[in-house]
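Okay, thanks for making time, everyone. I'd like to walk you through one structure this morning, going from strands to rings to empty space.

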Amino acid sequence: MIERPRGTRDFDPAAMAKHRQVEDALRRAAESFGFREIMTPTVEHLDLFTAKSGPGIIEELYAFKDKGGRDVALRPEFTASVIRFYLSELRSLPKPLKLYCLGNAFRYEEPQKGRYREFFQFNAEILGGASLEADAELLALALAALRHVGLRQTEARVGHIGMLRAFLREAGARQAAILHALDKKDFERLRAELAGAGLSRHEETLKTVVGLKGGLDVLDEAARLLGGDAAPAVDYLRRLRERLSHYGLADAVTFDLGVVRGLDYYTGMVFEIDSPNLGAEKQVGGGGGYTLAELLGGEPVASTGFAIGMDRVIPAAEAEGVRMSPPVLDAYVIPVGGPSRVAAMEIVRELRAAGFRVDTDLIGRGPSKNLDFANSVGARLAVILGEKELAAGKVSLKDMGTGEQTAVPAASLLAEVASRLGAR
Ligand code: HAM
C-alpha cells in the first residue's frame with residue numbers, strides 16, 4: 001500500500017462538500033466587496049519567496065530543482081505571487097486593485113491538528129489603495145468573510161508592526177530576528193537578540209508593549225512607553241478604529257500590540273483572527289499592510305492583504321454548529337426489469353438536461369437494493385419505473401426524506417420534480 005505524503009489529506013465527498021460550501025461563502029463575501037478572482041501558479045521560482053518571506057517560511061519551503069536545473073518552490077502562501085503578477089502584468093489596471101484567490105499552499109512543517117504540509121487558503125489583497133481606507137476595507141472583508149461562513153465567536157486582534165519597527169530601527173539587520181522572537185513570545189531569544197544589537201535596555205519595554213491588549217487606552221499606554229517614534233503608528237490605529245466605526249465594526253476588533261506576524265514583509269497595521277473553539281492552532285486568519293513590491297524589483301505600491309486558513313475555518317464553523325450540507329443528489333432513477341431501462345435513460349437524460357443532479361443504476365441491482373443505495377448517497381427523490389406502471393404511462397416518485405411514494409404521469413415528471421425541489 002502506498003500511503004499519502006505526511007501532512008497531506010484526501011478529501012472524501014462529505015469533506016469536499018464542506019470545503020466547497022465554505023469556499024462559496026468566502027467567494028460571495030469577496031465579491032460583495034468588489035474583489036475579483038485571480039489565480040497564480042502552484043510552483044514559483046524559489047527567489048520569489050526567499051526575497052522577504054522570513055526565515056520561518058524559508059525553512060518550511062518545499063523547494064527543489066526542476067528538470068532544467070532551476071530552483072523552484074511550491075507556494076507557501078499567495079502574497080508574493082500576487083505581487084509578482086501585479087508587477088509583471090497588472091500594473092496598468094485601474095487602482096485600487098482588489099484581488100482574491102483560493103487554493104492550496106505548502107509548508108514543510110511538523111504536522112499536527114490544524115497544521116498541515118498542504119493546506120488551503122482564501123487570500124485577498126488590495127493594491128494601490130489609500131492606506132487607511134484600504135486597511136479598514138480589508139479588515140471589514142476579513143470579518144464579513146468569516147460571518148458569511150457562519151462564524152460568530154472569533155476574536156480579531158489588531159496591532160501595528162510599524163510601532164515596533166520604529167522603536168527598533170537602531171537594531172538594523174537584527175530587527176527581523178528580534179521581531180521573530182517577539183512573534184513567538186520567545187523571551188530568551190529576545191534577550192539574546194537585543195543583547196547582540198546592543199539594545200538590552202529595551203527588553204522590559206518591549207515585553208510590556210507586546211503584552212498590551214484592549215481598547216483605545218492600550219494605545220495611550222504604548223505611546224507613553226515607546227515615545228515619539230511610535231506616535232505615527234499609534235495615531236494610525238486610532239484613525240483605523242474611527243474608520244472601522246463607519247462599517248459598524250469599531251467594537252469588532254481588540255487592539256493587541258503583541259501581533260507581530262511570522263512573515264517579514266509587514267510594515268503597517270497587522271491583525272490575526274482566532275477561533276476559541278480550535279486547539280493550539282486556533283488562528284483562522286491573519287494579514288496586514290506590507291511592503292513587497294520594491295523588494296521584488298518594482299515601484300512601491302500600497303499593499304494590504306490577509307489569508308484565511310480553510311482547514312481551520314471549517315472545523316471552527318462546525319464547532320459553532322454551522323450546518324454543513326452533505327453532498328446531494330436530486331434524483332436516483334430505478335428501472336425495475338430490463339425493458340424499463342430504456343425509459344429510465346430517457347428520464348435520466350431529461351432531468352439532467354434540466355439541470356438536476358441525477359444518477360441511475362449502473363450494475364443491475366434489484367429495486368430494494370437500489371433504494372438502499374439511493375438513500376446512502378443522499379438522493380432526495382427516487383424515480384421508480386415498474387413495467388406495469390410504465391405501460392400505463394406512469395412512474396413512481398418517492399420522497400426519500402418522508403418515504404411517501406406517489407404515482408405520477410411520466411409526461412409531467414419533470415414539472416413534478418421541479419415543483420418539489422425548485423427549478424434548477
Ligand atoms: P499566514 O498567517 O502565514 O499569512 O497564514 C494565513 C492563515 O493560513 C493562518 O492564519 C492559518 O489559518 C492558515 N495556515 C497557515 N499555515 C497553515 C498550515 N500549515 N496548515 C493549516 N493552515 C495554515 C499568510 O499566509 C499571508 N500571506 C497573509 C497575507 C496576505 N498577508 C498579506 N496578504
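Let's start in the strands, with one pair of residues: Ala 156 stands opposite Val 253 in E9. Keep in mind as we go that what you have on screen is a predicted model. That Ala 156 and Val 253 pairing belongs to a bigger picture, where E7 and E9 run parallel and three bridges join them.

Now, E7 has another partner. Strand E7, residues 155-160, is also joined to E10, this time antiparallel, with six bridges. If you want to find that pairing on your screen, look for Arg 157, which stands opposite Glu 272 in E10. A second spot to check is His 160, whose bridge partner in E10 is Met 269.

And E10 carries on to the other side of our story: it pairs with E11, again antiparallel and again over six bridges. There, Phe 271 stands opposite Gly 287 in E11. Hold on to Phe 271, please, as we'll meet that residue again.

So how buried are E7 and E10? For E7, five of the six residues are buried, so the strand is largely enclosed by the rest of the structure. For E10, eight of the nine residues are buried, so that strand is largely enclosed too.

Right, on to the aromatics. How many aromatic pairs does the count come to? Nine. I'll take you through two of them.

Tyr 62 and Phe 106 are an edge-to-face pair, because their planes sit at 75°, over the 60 degrees that this class needs. The ring centres of Tyr 62 and Phe 106 are 6.1 Å apart. What I like here is that the pair links distant parts of the chain: Tyr 62 is in strand E3, residues 62-65, and Phe 106 is in strand E5, residues 97-106, which puts them 44 residues apart. Are these two buried or exposed? Tyr 62 is partly exposed, with a relative accessible area of 22%. Phe 106, at 12% relative accessibility, counts as buried.

The other pair is Tyr 265 with Tyr 290. Here the centres are 5.3 Å apart and the planes are at 55°, so this one goes down as tilted. Again the pair links distant parts of the chain, with the two positions 25 residues apart. Tyr 265 sits in the loop between strand E9 (253-256) and strand E10 (266-274), while Tyr 290 is in strand E11, residues 283-290. Both tyrosines come out as buried: Tyr 265 is at 2% relative accessibility, and Tyr 290 has a relative accessible area of 3%.

And here's Phe 271 back again. Ring pairs link Phe 271 with Tyr 100, Phe 122 and Phe 306 into a cluster.

A couple of charges sit over rings as well. The charged end of Arg 9 is over the ring of Tyr 116, 3.5 Å from the ring centre. The charged end of Lys 207 is over the ring of Phe 187, at 5.4 Å from the centre.

Last topic: empty space. Rolling a probe the size of a water molecule over the atoms shows where empty space is left. Searching the whole structure turns up one cavity of 30 Å³ or more, and the volume of the largest cavity is about 60 Å³. What lines it? Among the lining residues are Ile 161, Arg 165, His 180, Arg 261, Asp 264 and Tyr 266. Helix H6 (161-167) and helix H7 (175-183) each supply at least two residues of that lining, and the largest share, three residues, comes from H7. By class, the cavity lining has six nonpolar, two polar and three charged residues.

Then there's the second largest pocket, with about 350 Å³ of space. Of its 20 lining residues, the ones nearest the centre are Arg 9, Tyr 116, Asp 311, Arg 312 and Pro 315. Yes, Arg 9 and Tyr 116 are the charge and ring I showed you a moment ago. Helix H1 (13-32) and helix H12 (310-319) are the elements that give two or more residues to this lining, and H12 has the largest share, with six residues. Class by class, that makes eight nonpolar, four polar and eight charged residues around the pocket.

That's my tour. Over to you for questions.

Key: Residues numbered from 1 in each chain as written. Predicted model: local features only at pLDDT ≥ 70, side-chain atom pairs only at ≥ 80, totals over all residues. Heavy atoms only, no water. Phe/Tyr/Trp six-rings, centres within 6.5 Å; stacked < 30°, edge-to-face > 60°. Helix = DSSP H or I, 4+ residues; strand = E, 2+ residues; numbered from the N terminus. Buried < 20%, exposed > 50% of the residue type's maximum accessible area, 1.4 Å probe, protein only. Lys NZ or Arg CZ within 6 Å of the ring centre and 35° of its normal. 1 Å grid on protein atoms, 1.4 Å probe; cavity = no way out; pocket = protein on both sides within 12 Å on 5 of 7 lines; lining within 4 Å. Points joined across faces, edges and corners; volume = space filled by probe spheres on them. Nonpolar A, V, L, I, M, F, W, Y, C, P; charged D, E, K, R; others polar. Pairing = 2+ DSSP bridges.
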